[in-house]
Amino acid sequence: TIFCSLKRQRPKTRFKMVLHVASAVARRRVASMASQQIQRRNMGSGPKPEWTGIDKTVRDIFPEDWQLAAAILGGYSSLIGIAVLRSKMKSSPAPVVETVKISEP
């Protein structure tokens, strides 16, 4: 095996052998990477769609997807906030307990 043959060799020869194996592996890796053609895709590079109806009206105000998403989340957050405030305003106040002071004779 390689390990046993490395054990028997002098340190200088062992170092050269390790470098030789490492460089061979690196050469094979670089050669395989160079032969592969990888197509890089950038997200959102397609043509923008033509909007019609209500979508056109909304997209005139919020042209980007992130803007529309933020508007929708803001709308839902506002509705939830208003509902919470209304329920807190409608809840009946806690009854006041009156204390009667008893004087001793």
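## Salt bridges, pocket and surface patch

Aspartate 60 is exposed, because its relative accessible area of 56% lies over the 50% cut-off. This value, like the rest, comes from a predicted model.

The side chain of aspartate 60 meets that of lysine 56 in a salt bridge, with 3.9 Å from N to O. That distance falls within the 4 Å limit for such a contact. Both residues sit in helix α3. They are four residues apart, about one turn of the helix. Lysine 56 has a relative accessible area of 42%, so it counts as partly exposed, in between the 20% and 50% limits.

A salt bridge also links aspartate 65 and arginine 59. Here the closest N and O atoms are 2.9 Å apart. Aspartate 65 is exposed, at 54% relative accessibility. Arginine 59 is buried, because its relative accessible area of 14% is under 20%. The count of salt bridges comes to two.

| Salt bridge | N to O distance | Accessibility of the acid | Accessibility of the base |
|---|---|---|---|
| Aspartate 60 with lysine 56 | 3.9 Å | Aspartate 60: 56%, exposed | Lysine 56: 42%, partly exposed |
| Aspartate 65 with arginine 59 | 2.9 Å | Aspartate 65: 54%, exposed | Arginine 59: 14%, buried |

Now the fold. The chain has four helices and zero strands. From the N terminus on, its elements run α-α-α-α. Helix α3 covers residues 54-61, and helix α4 covers residues 65-90. Of the 105 residues in the chain, 4% are buried. Arginine 59 belongs to the buried class. The chain exposes about 10700 Å². Carbon and sulfur atoms supply 64% of that area.

Next, the largest pocket. It holds about 320 Å³ of space. Twelve residues line it, and the closest to its centre are Lys48, Pro49, Trp51, Arg59 and Pro63. Arg59 is thus named twice: as a pocket residue and as the salt-bridge partner of aspartate 65. Which element gives the largest share of the lining? Helix α3 does, with three residues. By class, the lining has six charged, four nonpolar and two polar residues.

Last, the surface patch. Ile72, Tyr76, Leu79, Ile80 and Val84 make a nonpolar patch of about 520 Å². Tyrosine 76, one of these residues, is placed in helix α4. Is tyrosine 76 buried or exposed? Tyrosine 76 counts as exposed, because its relative accessibility of 54% is over 50%.

Definitions and conventions
Residues are numbered from 1 along each chain as its sequence is written. This is a predicted model: local features need pLDDT of at least 70, side-chain atom pairs count only at pLDDT 80 or more; totals for chains, interfaces and linings use all residues. Side-chain values use heavy atoms; hydrogens and water are left out. Patches are made of residues with over 30% relative accessible area and no salt bridge: like charges are joined within 9 Å, nonpolar side chains (Val, Leu, Ile, Met, Phe, Trp, Tyr) within 5 Å. Accessible areas come from the Shrake-Rupley method with a 1.4 Å probe; for residues, only the protein chains shown count as cover. Helices (H or I, at least four residues) and strands (E, at least two) are DSSP runs, numbered from the N terminus. Buried means under 20% relative accessible area, exposed over 50%, partly exposed in between (1.4 Å probe, protein chains only). On a 1 Å grid over the protein atoms alone, a cavity is a set of points where a 1.4 Å probe fits but cannot get out, and a pocket is an open set with protein on both sides within 12 Å along at least five of seven lines; lining residues have an atom within 4 Å of a point. Grid points are joined across faces, edges and corners, and a volume is the space filled by probe spheres set on the points. Ala, Val, Leu, Ile, Met, Phe, Trp, Tyr, Cys and Pro count as nonpolar, Asp, Glu, Lys and Arg as charged, and the others, Gly among them, as polar.
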